[in-house]
Amino acid sequence: MEEQSLAHHGIKGMKWGVRRTPEQLGHQNAKLERRAVRYDLKAGKYAKRQARYSKKLIKAQGKLTGGRVSGRDIKRARRTGRKYGKISAKSARYQLKAAKARARILKNKEIMALLETKVQSVPPESIARGKAYVEELLS
């Protein structure tokens, strides 16, 4: 092996000094947006189920407040109440996940804008100095 060698164990096929396009960088944001939409759909599904169980719960409570109450009515009311609680928790969980995914998209966009301004603020002299150093090593 030569005495002077330059080794780089980075990303295969990645070129030095080549910046990815905004479309390539936006791939992660598109993935997060699809995930957020999926979570919104699930939250909507559970919200519909929550509304249905809400009606059942009101009906069961109405039976309990009326005249004679059987043990079966009490069990049914308890079961409906538990299901309502589980479904409303799932709906809230998916709404939170969707909100987090959208927040991450905004954060990624802010970071990319910050990095872009930093890259543009690098003086040409320092870029030329680094380029000359690499060319010297390679020759």
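These legends accompany close-up views of one predicted model.

**View 1. The whole protein chain is built from helices, with zero strands.** Four helices make up the secondary structure. Read from the N terminus, the order is α-α-α-α. The chain has 139 residues, and 14% of them count as buried. About 11700 Å² of the protein chain is exposed. Carbon and sulfur atoms supply 56% of that area. Take the contacts between residues at least 6 apart in sequence: 81% of these join residues at least 24 apart.

**View 2. Helix H3 runs from residue 71 to residue 120.** This helix holds 50 residues. At 1.5 Å a residue, H3 should span 74 Å. Its end C-alpha atoms lie 74 Å apart, so the expected span and the model agree.

**View 3. The buried residues of H3 pack against helix H2.** H2 covers residues 27-65. On the H3 side, the buried set begins with Asp-73, Ala-77 and Thr-80. Ile-87, Ser-91 and Tyr-94 follow. Ala-98, Ala-101 and Ile-105 complete the set.

**View 4. A nonpolar patch lies on the surface.** Four residues form this patch: Leu-6, Tyr-133, Leu-137 and Leu-138. Together they have about 410 Å² of accessible area.

**View 5. Leu-137, one of the patch residues, sits in helix H4.** H4 spans residues 124-138. Is Leu-137 buried, exposed or partly exposed? Its relative accessible area is 32%. Buried means under 20% and exposed means over 50%, so Leu-137 counts as partly exposed.

Conventions:
Residues numbered from 1 in each chain as written. Predicted model: local features only at pLDDT ≥ 70, side-chain atom pairs only at ≥ 80, totals over all residues. Heavy atoms only, no water. Helix = DSSP H or I, 4+ residues; strand = E, 2+ residues; numbered from the N terminus. Buried < 20%, exposed > 50% of the residue type's maximum accessible area, 1.4 Å probe, protein only. Contact = heavy atoms within 4.5 Å. Areas by Shrake-Rupley, 256 points an atom, 1.4 Å probe, with all protein chains shown as cover. Expected span 1.5 Å × (residues − 1). Patch = residues over 30% accessible without salt bridge, like charges linked within 9 Å, V, L, I, M, F, W, Y side chains within 5 Å. Salt bridge = Lys/Arg side-chain N within 4 Å of Asp/Glu carboxyl O.
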